[in-house]
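Trainee: I would like a close look at one part of this model. Please start from a single residue and work outwards from there.

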Amino acid sequence: MSGADGKLLKVGEAIDSLCTIEITGRGVVRDLYLAARAAQDGPLCLAAARELAARVHPGDAVVIATGLPTYPWFSGEQDGPVGAATLARALVLGLAARPIVVTEAIHVEMCRAALRGAGLYARGLEQALSLPTTAAVVAFPTDPAEAAEAADRLMAQARPRAMVAIERPGANERGHYHGAKGFQLSDHCAKVDLLFERGKAAGAYTVGIGDGGNELGCALIRETVVATVPFAAVCQCPCGGSVVPAFVPDHLIIAAISNWGAYGVAAALALLLDRREVLHDREVDRRVHELCAAAEANNDGPGLLDPGTDAVPARLHGDFVELLGFMVQSGIDFGRLYKEPRYPWLAV
Ligand SMILES: [Zn+2]
């Protein structure tokens, strides 16, 4: 391992550490993260960024699936759409990718709003596949048969090289979808698992990002989820299964807040590419949260449409992004020291 590689791994570990600080006091993230590390190569955000950078070439499509219907509105929260929009920005700036955000019809407006906040045009699939700085938002069916057809169409039209699920429910071993507390959401959820199954079979790199064990991707740490997360082993709906989605991805990222996992991937990508600006900043983060909230995405907790994620106000997410950005810039600067001194006139 070269000095530069060692530094990269250390900053990658620091990115994972920051993204897994249990700011909301939920108490399950550490166990889930350690299980994810034991099951796969790490650091987790850096590993995902490396694969994305290796596989996604200019003009390639990347699916980003998000949207979690919440009680009693059956409408989504800002955890997910905000991370999707900011990751889409990072994939555009870093890799010239064509992001395709896939979500329920009811979440289309909030995802479009979030993308615009992140500085991207939000258009239909055809335009997004051909225009720069443009992402698509696709309403994916809740009906399984319609979803299967939509998955086939999207695979044929876009041929995505990667698929990332952020705070996304998925079907458990009995075919049902659940929220974090085990209530059933099956009728309200787009069946994007079918798209991820097709993508994985076609060779696309599939990643899940979650914070509680009930998100798409957590099958990689199923045993830990059912052993440590309340309501995870047996749901609170008649299906009586677990809350762990059955789809097994190529890679799983655990973060304290799912959006932070997406920020972590963007940070690791910025680090790999030596470009701080690939990770968004406080101002962009504020705008994404505000526009997303105004499009009726709630700040989970009391359910207010305040800008923020998982009951953490948007200004603290801005602080978080600035911390990540500083770590990225320091990593870039120290990485360069292995090639050339930062202040050669001071070298002795
Ligand atoms: Zn159930």
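Trainee: Leaving aside its neighbours within four places in sequence, which residues is E296 in contact with?

Mentor: E296 is in contact with S75, G76, M110 and L305, once neighbours within four places in sequence are left aside; contact means heavy atoms within 4.5 Å. This is a predicted model, in which local features need pLDDT of at least 70 and side-chain atom pairs count only at pLDDT 80 or more, while totals for chains, interfaces and linings use all residues. Residues are numbered from 1 along each chain as its sequence is written, and side-chain values use heavy atoms, with hydrogens and water left out.

E296 sits in the loop between α11 (282-294) and β8 (308-309). Helices (H or I, at least four residues) and strands (E, at least two) are DSSP runs, numbered from the N terminus. With a relative accessible area of 53%, E296 is exposed; the cut-offs are under 20% for buried, over 50% for exposed and partly exposed in between, using a 1.4 Å probe and protein chains only. From C-alpha to C-alpha, E296 and I106 are 9.9 Å apart in space, although 190 residues separate them in sequence.

M110, one of the contacts of E296, leads to the packing of two helices. M110, C111, A114 and L115 in α5 meet P81, A85 and A88 in α4. The residues of this contact divide into seven nonpolar, no polar and no charged; Ala, Val, Leu, Ile, Met, Phe, Trp, Tyr, Cys and Pro count as nonpolar, Asp, Glu, Lys and Arg as charged, and the others, Gly among them, as polar. The axes of α4 and α5 (residues 108-117) are 8 Å apart, at an angle of about 40 degrees. That angle makes α4 oblique to α5: under 35 degrees counts as roughly parallel, over 145 as roughly antiparallel, 65 to 115 as roughly perpendicular and the rest as oblique. The axes are lines fitted to C-alpha atoms over the stretch in contact, and angles run from 0 to 180 degrees between N-to-C directions. The crossing of α4 and α5 is right-handed, that is, the near helix is turned clockwise from the far one by less than a right angle (anticlockwise would be left-handed).

The loops on either side of α4 also have points to check. In the loop between β1 (61-66) and α4 (81-95) lies P72, and a cis peptide bond with omega of about -10 degrees joins Y71 to P72. In the loop between α4 and β2 (98-103) lies A96, which has a positive phi of about 55 degrees although it is not a glycine. A96 is partly exposed, at 33% relative accessibility.

T133 is another non-glycine residue with a positive phi, here about 45 degrees. T133 is in the loop between α6 (125-130) and β4 (134-139) and is partly exposed, with a relative accessible area of 37%.

A second cis peptide bond joins G42 and P43, with omega about -5 degrees. P43 lies in the loop between α2 (29-39) and α3. α3 (residues 44-55) and α10 (residues 258-273) have axes that come within 8 Å and cross at roughly 60 degrees. α3 is therefore oblique to α10, and their crossing is right-handed. The residues of that contact divide into 10 nonpolar, two polar and one charged.
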